[in-house]
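This report describes the sheets, one helix pair and the empty spaces of a single protein model. The sequence and structure come first.

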Amino acid sequence: MKHPQLEPPTLLEARDVSRLYGPDKGCQEIDLALYRGEVLGIVGESGSGKSTLLRLLSGLERPDGGQVIYHAHDATLDLYAIGEARRRALLRMEWGLVHQNPRDGLRLGVSAGANIGERLMALGQRHYGQLRAAGQDWMARVELDAERIDDAPNTFSGGMQQRLQIARTLVTRPQLVFMDEPTGGLDVSVQARLLDMLRTLVRELGLSVILVTHDLAVARLLAHRLVVMRRGRIVEAGLTDQILDDPQHAYSQLLVSSVLTP
Ligand code: ADP
Ligand code: MG
(Lines give C-alpha, C1' and ligand atoms only; values in the text may rest on other atoms or scores of the structure.)
(Ligands and ions follow the chains in the order given, each with its own letter.)
Protein backbone atom coordinates (compact mmCIF):
# COMPACT_ATOMS: atom_id res chain seq x y z
CA MET A 1 0.00 0.00 0.00
CA LYS A 2 1.11 3.54 -0.64
CA HIS A 3 1.39 6.05 2.16
CA PRO A 4 -1.48 8.44 1.61
CA GLN A 5 -0.48 10.60 4.57
CA LEU A 6 2.73 11.49 2.74
CA GLU A 7 0.89 12.82 -0.28
CA PRO A 8 0.13 16.52 -0.07
CA PRO A 9 -3.60 17.09 -0.01
CA THR A 10 -5.12 18.61 -3.10
CA LEU A 11 -7.00 21.88 -2.83
CA LEU A 12 -8.12 22.46 -6.41
CA GLU A 13 -8.19 20.23 -9.47
CA ALA A 14 -8.92 20.67 -13.13
CA ARG A 15 -10.05 17.52 -14.92
CA ASP A 16 -10.01 17.61 -18.68
CA VAL A 17 -11.17 21.23 -18.72
CA SER A 18 -11.77 22.94 -22.05
CA ARG A 19 -13.14 26.28 -23.21
CA LEU A 20 -12.56 27.17 -26.83
CA TYR A 21 -13.26 30.46 -28.56
CA GLY A 22 -11.78 29.24 -31.83
CA PRO A 23 -9.13 26.77 -33.01
CA ASP A 24 -6.23 26.93 -30.52
CA LYS A 25 -7.94 29.86 -28.77
CA GLY A 26 -8.86 29.34 -25.15
CA CYS A 27 -8.04 26.17 -23.20
CA GLN A 28 -8.05 22.50 -24.13
CA GLU A 29 -7.89 19.30 -22.08
CA ILE A 30 -6.40 20.91 -19.02
CA ASP A 31 -5.51 18.62 -16.12
CA LEU A 32 -3.82 20.12 -13.10
CA ALA A 33 -3.80 20.04 -9.33
CA LEU A 34 -2.96 22.65 -6.73
CA TYR A 35 -1.78 21.39 -3.37
CA ARG A 36 -2.48 23.22 -0.11
CA GLY A 37 0.18 25.78 0.70
CA GLU A 38 1.83 25.92 -2.69
CA VAL A 39 2.06 28.50 -5.44
CA LEU A 40 1.35 27.04 -8.85
CA GLY A 41 2.46 29.26 -11.72
CA ILE A 42 0.76 29.22 -15.10
CA VAL A 43 3.21 30.59 -17.66
CA GLY A 44 3.23 31.04 -21.42
CA GLU A 45 3.33 33.82 -23.95
CA SER A 46 0.53 36.29 -24.50
CA GLY A 47 -2.57 34.63 -25.97
CA SER A 48 -1.66 31.12 -24.77
CA GLY A 49 -4.83 30.86 -22.67
CA LYS A 50 -3.55 31.66 -19.18
CA SER A 51 -6.25 34.15 -18.21
CA THR A 52 -8.95 31.96 -19.71
CA LEU A 53 -7.74 29.07 -17.56
CA LEU A 54 -7.72 31.29 -14.47
CA ARG A 55 -11.33 32.31 -15.13
CA LEU A 56 -12.34 28.66 -15.50
CA LEU A 57 -10.52 27.65 -12.30
CA SER A 58 -11.92 30.54 -10.25
CA GLY A 59 -15.56 30.04 -11.15
CA LEU A 60 -15.85 33.09 -13.35
CA GLU A 61 -16.40 31.27 -16.62
CA ARG A 62 -18.02 27.92 -17.24
CA PRO A 63 -15.96 25.41 -19.25
CA ASP A 64 -17.37 23.74 -22.37
CA GLY A 65 -16.25 20.44 -20.89
CA GLY A 66 -14.49 18.96 -17.90
CA GLN A 67 -14.67 19.63 -14.19
CA VAL A 68 -13.11 21.94 -11.64
CA ILE A 69 -13.06 20.33 -8.20
CA TYR A 70 -12.53 22.30 -4.99
CA HIS A 71 -11.62 20.32 -1.90
CA ALA A 72 -12.94 22.49 0.92
CA HIS A 73 -12.24 21.51 4.53
CA ASP A 74 -15.63 19.89 4.96
CA ALA A 75 -16.75 19.06 1.43
CA THR A 76 -15.65 18.37 -2.12
CA LEU A 77 -17.33 20.70 -4.55
CA ASP A 78 -17.72 20.40 -8.30
CA LEU A 79 -17.49 24.09 -9.09
CA TYR A 80 -19.87 24.14 -12.01
CA ALA A 81 -22.36 21.67 -10.54
CA ILE A 82 -23.02 23.87 -7.52
CA GLY A 83 -25.19 26.87 -8.23
CA GLU A 84 -24.04 30.27 -9.38
CA ALA A 85 -24.90 31.83 -6.01
CA ARG A 86 -22.75 29.32 -4.12
CA ARG A 87 -19.91 29.80 -6.58
CA ARG A 88 -20.02 33.57 -6.14
CA ALA A 89 -20.12 33.13 -2.36
CA LEU A 90 -16.93 31.04 -2.52
CA LEU A 91 -15.15 33.82 -4.33
CA ARG A 92 -16.44 36.39 -1.88
CA MET A 93 -15.88 34.47 1.35
CA GLU A 94 -13.23 31.74 0.90
CA TRP A 95 -11.18 32.76 -2.10
CA GLY A 96 -9.40 35.86 -3.27
CA LEU A 97 -8.73 37.26 -6.70
CA VAL A 98 -5.96 39.72 -7.57
CA HIS A 99 -6.46 41.35 -10.95
CA GLN A 100 -3.68 42.73 -13.10
CA ASN A 101 -5.40 46.11 -13.10
CA PRO A 102 -6.08 47.08 -9.47
CA ARG A 103 -9.05 49.14 -10.59
CA ASP A 104 -10.81 45.89 -11.52
CA GLY A 105 -10.40 44.60 -7.97
CA LEU A 106 -11.09 47.77 -5.97
CA ARG A 107 -14.22 49.73 -5.29
CA LEU A 108 -13.23 53.18 -6.44
CA GLY A 109 -16.17 54.95 -4.83
CA VAL A 110 -15.20 54.13 -1.25
CA SER A 111 -12.14 54.79 0.92
CA ALA A 112 -9.04 52.62 1.23
CA GLY A 113 -10.20 51.47 4.65
CA ALA A 114 -13.65 50.55 3.37
CA ASN A 115 -12.06 48.57 0.56
CA ILE A 116 -10.23 46.46 3.12
CA GLY A 117 -13.14 46.26 5.57
CA GLU A 118 -15.70 45.27 2.98
CA ARG A 119 -14.52 41.69 2.59
CA LEU A 120 -14.44 41.25 6.36
CA MET A 121 -18.00 42.52 6.52
CA ALA A 122 -18.99 39.89 3.97
CA LEU A 123 -17.77 37.36 6.54
CA GLY A 124 -20.02 38.86 9.18
CA GLN A 125 -17.72 41.32 10.97
CA ARG A 126 -19.65 44.43 11.90
CA HIS A 127 -17.61 46.01 14.70
CA TYR A 128 -16.52 49.41 13.37
CA GLY A 129 -13.45 49.68 15.60
CA GLN A 130 -12.22 46.24 14.58
CA LEU A 131 -12.82 46.86 10.89
CA ARG A 132 -10.90 50.10 11.12
CA ALA A 133 -8.08 48.48 13.05
CA ALA A 134 -7.85 45.72 10.43
CA GLY A 135 -7.77 48.39 7.72
CA GLN A 136 -4.89 50.19 9.42
CA ASP A 137 -3.04 46.98 10.13
CA TRP A 138 -3.30 45.79 6.55
CA MET A 139 -2.36 49.15 5.09
CA ALA A 140 0.81 48.99 7.15
CA ARG A 141 1.47 45.40 6.08
CA VAL A 142 1.44 46.41 2.43
CA GLU A 143 3.50 49.51 3.22
CA LEU A 144 0.75 52.06 2.72
CA ASP A 145 0.53 55.05 5.03
CA ALA A 146 -2.23 54.08 7.50
CA GLU A 147 -3.01 57.78 7.91
CA ARG A 148 -4.50 57.64 4.44
CA ILE A 149 -7.17 55.14 5.45
CA ASP A 150 -9.97 57.58 4.57
CA ASP A 151 -8.53 58.52 1.17
CA ALA A 152 -10.08 57.22 -2.06
CA PRO A 153 -8.12 54.70 -4.18
CA ASN A 154 -8.06 57.26 -7.00
CA THR A 155 -5.67 59.43 -4.99
CA PHE A 156 -3.14 56.55 -4.88
CA SER A 157 -0.48 55.71 -7.48
CA GLY A 158 -0.81 52.51 -9.56
CA GLY A 159 1.65 50.66 -7.35
CA MET A 160 -0.18 51.78 -4.20
CA GLN A 161 -3.53 50.74 -5.69
CA GLN A 162 -2.10 47.31 -6.39
CA ARG A 163 -0.91 47.00 -2.80
CA LEU A 164 -4.36 48.10 -1.61
CA GLN A 165 -5.99 45.45 -3.79
CA ILE A 166 -3.68 42.85 -2.25
CA ALA A 167 -4.59 44.03 1.28
CA ARG A 168 -8.28 43.91 0.41
CA THR A 169 -7.89 40.38 -0.94
CA LEU A 170 -5.74 38.93 1.83
CA VAL A 171 -7.38 40.50 4.89
CA THR A 172 -9.83 37.59 5.07
CA ARG A 173 -7.03 34.99 4.94
CA PRO A 174 -8.47 33.27 1.89
CA GLN A 175 -8.07 29.51 1.48
CA LEU A 176 -7.18 29.99 -2.16
CA VAL A 177 -5.90 33.02 -4.07
CA PHE A 178 -5.94 33.58 -7.82
CA MET A 179 -3.56 36.16 -9.28
CA ASP A 180 -3.49 37.25 -12.91
CA GLU A 181 -0.26 39.11 -13.77
CA PRO A 182 -0.22 40.83 -10.36
CA THR A 183 2.85 42.92 -11.20
CA GLY A 184 2.14 43.22 -14.91
CA GLY A 185 0.81 46.75 -15.13
CA LEU A 186 3.53 48.40 -13.07
CA ASP A 187 6.85 50.13 -13.69
CA VAL A 188 9.81 47.81 -13.37
CA SER A 189 11.12 49.64 -10.30
CA VAL A 190 7.75 49.28 -8.55
CA GLN A 191 7.43 45.64 -9.64
CA ALA A 192 10.50 44.46 -7.73
CA ARG A 193 9.23 45.85 -4.44
CA LEU A 194 5.74 44.46 -4.94
CA LEU A 195 7.10 41.06 -5.84
CA ASP A 196 9.18 41.02 -2.68
CA MET A 197 6.13 41.93 -0.63
CA LEU A 198 3.98 39.27 -2.28
CA ARG A 199 6.63 36.66 -1.60
CA THR A 200 6.74 37.60 2.08
CA LEU A 201 2.94 37.58 2.42
CA VAL A 202 2.58 34.25 0.63
CA ARG A 203 5.11 32.70 3.00
CA GLU A 204 3.82 34.31 6.20
CA LEU A 205 0.22 33.37 5.50
CA GLY A 206 1.05 29.99 3.94
CA LEU A 207 -1.19 30.88 1.01
CA SER A 208 -2.31 28.51 -1.70
CA VAL A 209 -2.03 30.42 -4.95
CA ILE A 210 -2.67 30.02 -8.64
CA LEU A 211 -0.49 32.61 -10.29
CA VAL A 212 -0.76 33.55 -13.95
CA THR A 213 2.24 35.34 -15.40
CA HIS A 214 4.05 35.72 -18.69
CA ASP A 215 7.07 36.94 -16.71
CA LEU A 216 9.38 34.06 -15.87
CA ALA A 217 11.24 36.17 -13.30
CA VAL A 218 7.96 36.53 -11.39
CA ALA A 219 7.34 32.79 -11.73
CA ARG A 220 10.85 32.02 -10.49
CA LEU A 221 10.43 34.14 -7.38
CA LEU A 222 6.92 33.10 -6.38
CA ALA A 223 6.00 29.69 -7.78
CA HIS A 224 6.90 26.26 -6.43
CA ARG A 225 5.66 24.49 -9.54
CA LEU A 226 4.86 25.62 -13.05
CA VAL A 227 2.67 24.60 -15.92
CA VAL A 228 3.70 25.90 -19.32
CA MET A 229 0.86 26.73 -21.71
CA ARG A 230 0.92 26.99 -25.46
CA ARG A 231 -2.12 27.55 -27.65
CA GLY A 232 -4.49 26.57 -24.88
CA ARG A 233 -2.71 23.38 -23.87
CA ILE A 234 -0.29 22.47 -21.11
CA VAL A 235 2.93 21.41 -22.82
CA GLU A 236 5.04 20.86 -19.72
CA ALA A 237 4.62 20.79 -15.94
CA GLY A 238 7.09 20.41 -13.11
CA LEU A 239 9.06 22.08 -10.35
CA THR A 240 9.87 25.71 -11.11
CA ASP A 241 13.66 25.30 -11.01
CA GLN A 242 13.48 22.17 -13.10
CA ILE A 243 11.39 23.86 -15.81
CA LEU A 244 13.36 27.10 -15.87
CA ASP A 245 16.81 25.52 -15.64
CA ASP A 246 16.25 22.36 -17.65
CA PRO A 247 13.12 22.63 -19.81
CA GLN A 248 12.28 19.42 -21.66
CA HIS A 249 9.71 20.55 -24.19
CA ALA A 250 10.96 22.48 -27.23
CA TYR A 251 8.44 25.25 -26.60
CA SER A 252 9.49 25.64 -22.96
CA GLN A 253 13.10 25.81 -24.13
CA LEU A 254 12.22 28.67 -26.47
CA LEU A 255 10.24 30.42 -23.78
CA VAL A 256 13.05 30.13 -21.25
CA SER A 257 15.68 31.23 -23.75
CA SER A 258 13.65 34.45 -24.11
CA VAL A 259 13.14 33.99 -27.82
CA LEU A 260 9.41 34.35 -27.25
CA THR A 261 9.44 37.09 -24.66
CA PRO A 262 10.45 40.68 -25.25
P1 ADP B 1 -3.32 34.97 -22.07
O2 ADP B 1 -3.91 35.35 -20.76
O3 ADP B 1 -2.37 33.82 -22.00
O4 ADP B 1 -2.68 36.13 -22.77
P5 ADP B 1 -6.08 34.60 -22.91
O6 ADP B 1 -6.61 33.50 -22.07
O7 ADP B 1 -6.47 35.98 -22.53
O8 ADP B 1 -4.50 34.47 -23.03
O9 ADP B 1 -6.54 34.39 -24.42
C10 ADP B 1 -6.29 33.18 -25.12
C11 ADP B 1 -6.88 33.28 -26.49
O12 ADP B 1 -8.30 33.26 -26.41
C13 ADP B 1 -6.51 34.57 -27.22
O14 ADP B 1 -6.36 34.27 -28.58
C15 ADP B 1 -7.71 35.45 -26.98
O16 ADP B 1 -7.85 36.37 -28.03
C17 ADP B 1 -8.85 34.45 -26.96
N18 ADP B 1 -9.95 34.88 -26.07
C19 ADP B 1 -9.86 35.09 -24.73
N20 ADP B 1 -11.05 35.43 -24.21
C21 ADP B 1 -11.92 35.45 -25.25
C22 ADP B 1 -13.33 35.73 -25.36
N23 ADP B 1 -14.06 36.05 -24.30
N24 ADP B 1 -13.88 35.66 -26.61
C25 ADP B 1 -13.14 35.33 -27.67
N26 ADP B 1 -11.82 35.04 -27.64
C27 ADP B 1 -11.21 35.11 -26.45
MG1 MG C 1 -3.83 37.15 -19.67
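How do the residues of the lining of the largest pocket divide into nonpolar, polar and charged? There are three nonpolar, five polar and five charged residues in that lining. The model is a predicted one, and the values below are computed from it.

## Largest pocket

The largest pocket holds about 300 Å³ of space. It is lined by 13 residues, and those closest to its centre are L91, R92, L97, R119 and R168.

Four elements each supply at least two residues of this lining: helix α2 (84-93), strand β6, α3 (102-105) and helix α6. Two of these elements return below: β6 stands at an edge of the six-stranded sheet, and α6 packs against α7.

## Second largest pocket

The second largest pocket contains about 200 Å³ of space. Its lining consists of G37, V39, R199, V202, R203, G206, R220, L221, L222, A223, H224 and D241. Helices α7 and α8 (216-222) are the elements that give two or more residues to it. By class, this lining has five nonpolar, three polar and four charged residues.

## Cavity

The count of cavities of 30 Å³ or more comes to one. The volume of the largest cavity is about 30 Å³.

Which residues line the largest cavity? They are V39, M179, V202, V209, L211 and L222. This lining is made up of six nonpolar residues, with no polar and no charged ones. V39, V202 and L222 also appear in the lining of the second largest pocket. M179 lies within the residue range of strand β7, and V209 and L211 within that of strand β8.

## Six-stranded sheet

Six strands make up an open sheet of mixed pairing, in the order β6-β7-β8-β3-β9-β10. The edges are taken by β6 (95-98) and β10 (233-239); each has a single partner strand, so one side of each is left without a neighbour in the sheet. On average, neighbouring strands here are turned by 15° against each other, direction ignored.

Within this sheet, β7 (residues 176-180) and β8 (residues 209-212) run parallel and are joined by four bridges. V177 stands opposite V209 in β8, and V209 is also one of the residues that line the largest cavity.

## Four-stranded sheet

A separate set of four strands forms an open sheet with antiparallel pairing, ordered β2-β1-β4-β5. Its edge strands are β2 (25-35) and β5 (76-78), each of which pairs on one side only. From one strand to the next, the twist averages 20°.

Strands β1 (residues 10-22) and β4 (residues 65-71) are antiparallel and pair over five bridges. E13 has I69 in β4 as its bridge partner.

## Packing of α6 and α7

How do the two helices α6 and α7 lie relative to each other, and at what angle do their axes cross? The axes of α6 (residues 158-170) and α7 (residues 188-205) come within 11 Å and cross at roughly 10°. Angles under 35 degrees count as roughly parallel, and α6 and α7 are therefore roughly parallel to each other.

On the α6 side, the residues in contact are G159, Q162, R163, I166 and L170. On the α7 side they are V190, R193, L194, M197, L198, L201 and L205. This contact comprises eight nonpolar, two polar and two charged residues.

Both helices also take part in pocket linings: α6 in that of the largest pocket, and α7 in that of the second largest.

Definitions and conventions:
Residues numbered from 1 in each chain as written. Chains lettered and ligands numbered in written order. Predicted model: local features only at pLDDT ≥ 70, side-chain atom pairs only at ≥ 80, totals over all residues. Heavy atoms only, no water. 1 Å grid on protein atoms, 1.4 Å probe; cavity = no way out; pocket = protein on both sides within 12 Å on 5 of 7 lines; lining within 4 Å. Points joined across faces, edges and corners; volume = space filled by probe spheres on them. Nonpolar A, V, L, I, M, F, W, Y, C, P; charged D, E, K, R; others polar. Pairing = 2+ DSSP bridges. Axes fitted to C-alpha atoms, helices over the stretch in contact; angles between N-to-C directions. Parallel < 35°, antiparallel > 145°, perpendicular 65-115°, else oblique. Contact = heavy atoms within 4.5 Å.
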